[in-house]
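Colleague: Could you take me through one part of this model, slowly? I'm curious about how two of the helices pack.

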Amino acid sequence: MNNFLKQSWAGLRILLALTVLLGVLYPLSVWGVSRIPGLHANAEAVDTTLVAVPREGDRYFVPRPSAATLPASGGSNKSEINEDYTKVVAERRTAVAQREGVPESQVPQDAVTASASGLDPHISPEYAALQVPRVARASGLPVERVRELVAAATSGTFTTTVNVTALNRALDSAR
């Protein structure tokens, strides 16, 4: 019994020490390092284009749907044989077709399926092209100017994509 109590107290002390060390001191030290002059701007995600930032209104491009519930990230592990998923994709396809004024058959796959993380800022050039007329009409910019902005936000080595977050910022600057 005495040996059991010794081991229990030893385990409890280690648990408390590690909780304080890894749950309080380590996060505080990482936060403190991020406040060092010169590192602060890189530690904050204020101006990042690595995360999709959905904007309200027809004058902006719409990113891929998100399966994430902010502030967490993460996708869904449902496949196309899941009835709930198939229903959600069909509803999204109808909504996108109505918003863009096109037949459902013209809606690209990435317009209706969420990315793995649910935070991906990239869309296909086809989805961006589908949105150009709506964005041009709502923003008051000429269609050709909006296409130029899309081209400037398009990049890729193996897969060509359009960064919606960067594109929407460019739209704000173009007005």
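Modeller: Sure, let's go to helix α3 (residues 83-100) and helix α4 (residues 125-139), which pack at an angle of about 40 degrees with their axes 9 Å apart. Helices here are DSSP runs of H or I, at least four residues, numbered from the N terminus. The axes are lines fitted to C-alpha atoms over the stretch in contact, and angles run from 0 to 180 degrees between N-to-C directions. That angle makes α3 oblique to α4 (under 35 degrees is roughly parallel, over 145 roughly antiparallel, 65 to 115 roughly perpendicular, and the rest oblique).

Who does the touching? On α3, Val96, Arg99 and Glu100 make the contact, and on α4 the partners are Tyr127, Leu130, Gln131 and Arg134; contact means heavy atoms within 4.5 Å. By class, this contact has three nonpolar, one polar and three charged residues (Ala, Val, Leu, Ile, Met, Phe, Trp, Tyr, Cys and Pro are nonpolar, Asp, Glu, Lys and Arg charged, the others, Gly among them, polar).

Now a quick stop at Asn168, which sits in helix α6 (residues 164-174). Asn168 counts as buried because its relative accessibility is 0% (buried is under 20% relative accessible area, exposed over 50%, partly exposed in between, with a 1.4 Å probe and protein chains only). Leaving out residues up to four places away in sequence, Asn168 touches Arg55, Tyr60 and Phe61.

Some small print: this is a predicted model, where local features need pLDDT of at least 70 and side-chain atom pairs count only at pLDDT 80 or more, while totals for chains, interfaces and linings use all residues. Residues are numbered from 1 along each chain as its sequence is written, and side-chain values use heavy atoms, leaving out hydrogens and water.

How values were computed: Helices (H or I, at least four residues) and strands (E, at least two) are DSSP runs, numbered from the N terminus.
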